[in-house]
Amino acid sequence: MATLVAVGAQWGDEGKGKIVDWLATRADVVARFQGGNNAGHTLVVDGEQTVLHLVPAGVLRPGVLNLIGPGVVVDPRVLIEELEKLVSRGLLHDPSRVRVSGRAHVILDWNVALDKAREETRQKGAIGTTGRGIGPTYEDKVARRGIRVADLLDPESLRGAVERLAAEKNFELKEVHHWSCVDAESVYRKACEYGRKLGPYVDHTGRLLDHALREGKNVLFEGAQGTFLDVDHGTYPYVTSSNCVAGAACTGSGVGPTAIQRVLGISKAYTTRVGGGPFPTEDTGAAGERLRELGSEFGATTGRPRRCGWLDVVMLREAAVVNGLTGLVINKLDILSGLAEVPIAVAYTIDGKRSDEFPMTLGELSRAGPVYETLPGWDADLSRVRRFEDLPEAARRYVERIEALVDVPVEVLSVGPGRDQTIARSDPFRA
């Protein structure tokens, strides 16, 4: 048995989908443990692109069981559409390979409306959410007033819950944000229909995980977003509404911490982020635009252009600490080809003082300027390279410098979006 947690080591969008799909060749179970359809995982198989928002990225591997854990917030409409599309494209022949926890909370119409209304009200102070209702749904969960997937299967009790919440949500929408009210009866009817369609997929995913672990199977835990969007450890308030770090794999899926053996942090060879918030290594000039265009840096969920900049190992060192990283993946190394020099931020200057550690407060991070170390670039096309030894010397030195600065081995490199465009230096799934 081997268990591995795959987490984003930056602000999300690190290419986790491709890596989880690649890792799933060794997995028996892939378990998604947090986030919602604000995440988008893009997979390219035989030149064909598949974008997933809720279904784990192991779904394209035959025989792999894919679990959506209780830590995820589920928009039932989105999940149903995603499942139907996978089936219609012949990518999901056996629907029993996808199971969703009855304990996962559901996103309903008023959650989406409130998400958008609050962002509109904030105006210049907007966080930059995807407007998918993620935050308001986690808010209901923590306030112990939410509706869960299992509730959709019980129409009688569901009606009372919908009516109770509708009064509260519509008051805020109308009186605070001056938005239209959500029709409670419409929400109820749709929720009942969602329950009928999702019923065959609903299960106690924690027990399925326990059985898999007892049987000695390989389990891969899939995170969404990234370390610095974590509600506790990220750049608050410019964060998501859930815990994205590796420790959340336990609470969000239903296993104890002693079940986790290895943690793989996934990073790009440079840095991107979406939405507001400080970004010390952001390049707003021609170099940043080059990274955006060559890296196709546009959100899989929203289509928004991503902010681009250079690799920040101060962030990666912090990610290594809070996740307990045992290995790193560096994605999109190929995008750096053609640069004469490649900068790496090795420290910050804050109020005239050098700091090698990630700041605790947003104010400090906003005042942080990068201290760069510049390495030689390379010109070669890396897309066909499959062994580390065959990379240009400058590319190898870049990877080795990351390892030295973060003190975590780089186990996997990606040199393109395809499954085969991957360089494995060691087996991340080893027990």
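Me: At what angle do the axes of helix α2 and helix α6 cross?

Reply: Heads-up: this is a predicted model, where local features need pLDDT of at least 70, side-chain atom pairs count only at pLDDT 80 or more, and totals for chains, interfaces and linings use all residues. Numbering starts from 1 along each chain as its sequence is written, and side-chain values use heavy atoms, leaving out hydrogens and water. Helices are DSSP runs of H or I with at least four residues, strands are E runs of at least two, and both are numbered from the N terminus. With axes being lines fitted to C-alpha atoms (for helices, over the stretch in contact) and angles running from 0 to 180 degrees between N-to-C directions, α2 (residues 76-88) and α6 (residues 184-198) come within 10 Å and cross at roughly 35 degrees.

Me: Is that crossing of α2 and α6 left-handed or right-handed?

Reply: Look at how the near helix is turned from the far one: anticlockwise by less than a right angle is left-handed, clockwise is right-handed. By that test, α2 and α6 cross in a way that is left-handed.

Me: How many nonpolar residues are in the contact of α2 with α6?

Reply: Contact means heavy atoms within 4.5 Å. On the α2 side you have Pro76, Arg77, Leu79, Ile80, Leu83 and Glu84, and they meet Tyr194, Lys197 and Leu198 of α6. For the classes, Ala, Val, Leu, Ile, Met, Phe, Trp, Tyr, Cys and Pro are nonpolar, Asp, Glu, Lys and Arg are charged, and the others, Gly among them, are polar. That gives three charged, no polar, and the nonpolar count is six.

Me: How many charged residues are in the contact of α3 with α4?

Reply: Helix α3 (residues 109-122) and helix α4 (residues 134-142) pack at about 115 degrees, axes 7 Å apart, and their crossing is right-handed. Asn111, Leu114, Asp115 and Arg118 of α3 make the contact with Ile134, Pro136, Thr137, Glu139 and Asp140 of α4. Sort these and you get three nonpolar and two polar, while the charged ones number four.

Me: Which helix gives the largest share of the largest nonpolar core?

Reply: A nonpolar core is a set of buried Ala, Val, Leu, Ile, Met, Phe, Trp, Tyr and Cys residues joined through side-chain atoms within 4.5 Å, and buried means under 20% relative accessible area (exposed is over 50%, partly exposed in between, with a 1.4 Å probe and protein chains only). The largest one has 70 residues, and Leu336, Tyr398 and Ile402 have the most contacts inside it. Seven of its residues, the largest share, come from residues 393-406, helix α12.

Me: How many residues are in the second, separate core?

Reply: Leu54, Ile80, Leu83 and Leu114 are included in it. Ile80 and Leu83 also turn up where α2 meets α6, and Leu114 is part of the contact of α3 with α4. The size of this second core is 61 residues.

Me: Which strands stand at the edges of the sheet?

Reply: Two strands pair if DSSP finds at least two bridges between them. Here 10 strands form an open, mixed sheet in the order β9-β7-β5-β2-β10-β1-β11-β15-β19-β20. Each edge strand has a single partner, so one side is left without a neighbour in the sheet; these are β9 and β20.

Me: Which residue stands opposite Ile330 in β19?

Reply: Moving across the sheet, β11 (residues 262-268) runs parallel to β1 (residues 3-8) over five bridges, and β11 pairs with β15 in the parallel sense over five bridges. Next, β15 and β19 are parallel too, over three bridges. Within that pair, Ile330 faces Leu413.

Me: How many of the residues of β15 are buried?

Reply: Both of its faces are covered, with Gly327, Val329 and Asn331 buried on one side and Leu328 and Ile330 on the other. Helix α12 also touches β15 (327-331) as it packs on the sheet. The strand is largely enclosed by the rest of the structure because its buried count is five of the five.

Me: What is the relative accessible area of His41?

Reply: His41 sits in strand β3 (residues 41-45). Setting aside residues up to four places away in sequence, it touches Lys16, Gly17, Thr50, Val51, Leu52, Glu222, Gly223 and Ala224. Lys16 and Gly17 are themselves buried residues of α1. His41 is buried as well, at 7%.
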